[in-house]
Amino acid sequence: MRINISKRKIRDRFVAKIEELSGQNLLACYQCGKCSAGCPAVSQMDILPNQIIRFAQLGFKDELLKSKSIWICASCFTCNARCPKGINIAEVIEAIRQILLRKREDHVQVQKLSDSEKGDIPPIALISSLRKFTS
Amino acid sequence: MKISYYPGCTLKNNAKNFEDSTLCSLNKLGIQVEELPRWNCCGTVFSLATDDLIHHLAPLRNLIRVKESNSDKVMTLCAMCYNTLKRANERVKSDPESLDKINEFMYREKVKYKGDVKILHLLELLRDEIKFETIAQQVVKPLKGLKVANYYGCLLVRPKEIGLDDVENPTILETLTTVLGAVPIDFPYKTECCGAYQTVDKPDIVAERTYQILTSAQSQGADIVAVSCPLCAFNLDHRQQHTVKKYPEFKHIPILYFTQLLAIALGCPEEALRFDLHYVDPKPVLKEKGLI
Ligand code: SF4
Ligand code: SF4
């Protein structure tokens, strides 16, 4: 894969916005990979948690905003608990989701789910899904 | 002992078995439970974005209700409510400026919130205030021979700052099940995420996790899995329906709230266990062990 690293991308407002919304210092990450090693969702992800941090450091905006992973992460906080540099990876992923959700790009349309899909889903599931995946 | 109680939405319907078994058990232990008046949904998840103050209003309003009922302590059962209430509280305690803003926003509330309510999970109440030794003395029906895999999930233990036990290897449920006379079994998935709210639009992910978590518990000889969160309970119990479609060789295993085990051991009647709300019927295995 060809990767273009540029000052322009790194200094893009996107990187600053992620740092602001997540409250994390992205450059603290030294790519040990521990976050991805313990993440229960990696088998469904297209970009792994440590790669999300790397891409965020480098300002890979399109790759991150298009990635499946940000909607696969369930904020289980395993990565946060294990990062040796104290980075809250789940908060970084939340920041990327927020950037899309604040443009009203909802990920879940509960009104489109059929009755059988909704089944006997408890309120706790519906409310948390709406809170995480809609604006 | 009297304690204020915040139930949360799901405890009043899908997880009525969690609530009823708890209320019966606490009654047996001589605890007077007072449900908060005018409580509202906590929002279920703690807002992670630094600038998103508005979503802390819902959990904090409930803490105002605690103050209004002349208490400074509140107990909750649901792991998600516990996490959300406690994190929102910690957030404003460490950031007085945001607390001021939130209070200003809730200007119609008579009480200004000061960050001074303690949030307790039922497990903490049992361990730290009622004490496990006292519970041991009140057990009338020891859960002899019942092999229990205790599943914590995420939100009772993470993040570390608010978790009620060790972040990687919690043992509070194992201690409690031992006190109740059961045999806790160890398995590597006890703090692995069940997929949580992914169950709404990606039930396949949850069916897969359920398969991994439950087959791991079964391989260690578990008769049942004990949980403490209504969302984990739904995913591990009701989603077995999907799991078995994906993995036809999968064998069902009953999922119980730890409070149902407590209620059985303390001699609560079967009505308090509400087995009608389960997908996998726990009765056969409990009958086989002579517990119901
Ligand atoms: S665990 Fe922390 S330091 Fe290691 S790759 Fe992940 S974010 Fe970076
Ligand atoms: S919070 Fe998200 S990225 Fe981190 S371990 Fe859990 S699912 Fe993986």
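Which residues form a nonpolar patch on the surface? They are Met1(A), Ile3(A), Ile5(A) and Ile10(A), as the first view of this predicted model shows.

**View 1. A nonpolar patch on the surface of chain A.** Together these residues have about 450 Å² of accessible area (Shrake-Rupley method, 1.4 Å probe, with only the protein chains shown counting as cover). Patch residues have over 30% relative accessible area and no salt bridge, and nonpolar side chains (Val, Leu, Ile, Met, Phe, Trp, Tyr) are joined within 5 Å. Met1(A) is exposed at 87% relative accessible area (exposed is over 50%, buried under 20%, partly exposed in between).

**View 2. A salt bridge between Lys17(A) and Glu20(A).** Their closest N and O atoms are 3.5 Å apart (a salt bridge puts a side-chain nitrogen of Lys or Arg within 4 Å of a carboxyl oxygen of Asp or Glu). Lys17(A) is partly exposed at 23%, and Glu20(A) is partly exposed at 43%.

**View 3. A salt bridge between Arg87(B) and Glu91(A).** Here the closest N and O atoms lie 3.8 Å apart. Arg87(B) and Glu91(A) are both buried.

**View 4. A salt bridge between Asp116(B) and Lys67(B).** Their side chains meet at 2.9 Å, N to O. Asp116(B) is partly exposed at 32%, as is Lys67(B) at 25%.

**Reading the views.** Residues are numbered from 1 along each chain as its sequence is written, while chains are lettered from A and ligands numbered from 1 in the order in which they are written. Local features need pLDDT of at least 70, side-chain atom pairs count only at pLDDT 80 or more, totals for chains, interfaces and linings use all residues, and side-chain values use heavy atoms, leaving out hydrogens and water.

Technical notes. Patches are made of residues with over 30% relative accessible area and no salt bridge: like charges are joined within 9 Å, nonpolar side chains (Val, Leu, Ile, Met, Phe, Trp, Tyr) within 5 Å. Buried means under 20% relative accessible area, exposed over 50%, partly exposed in between (1.4 Å probe, protein chains only).
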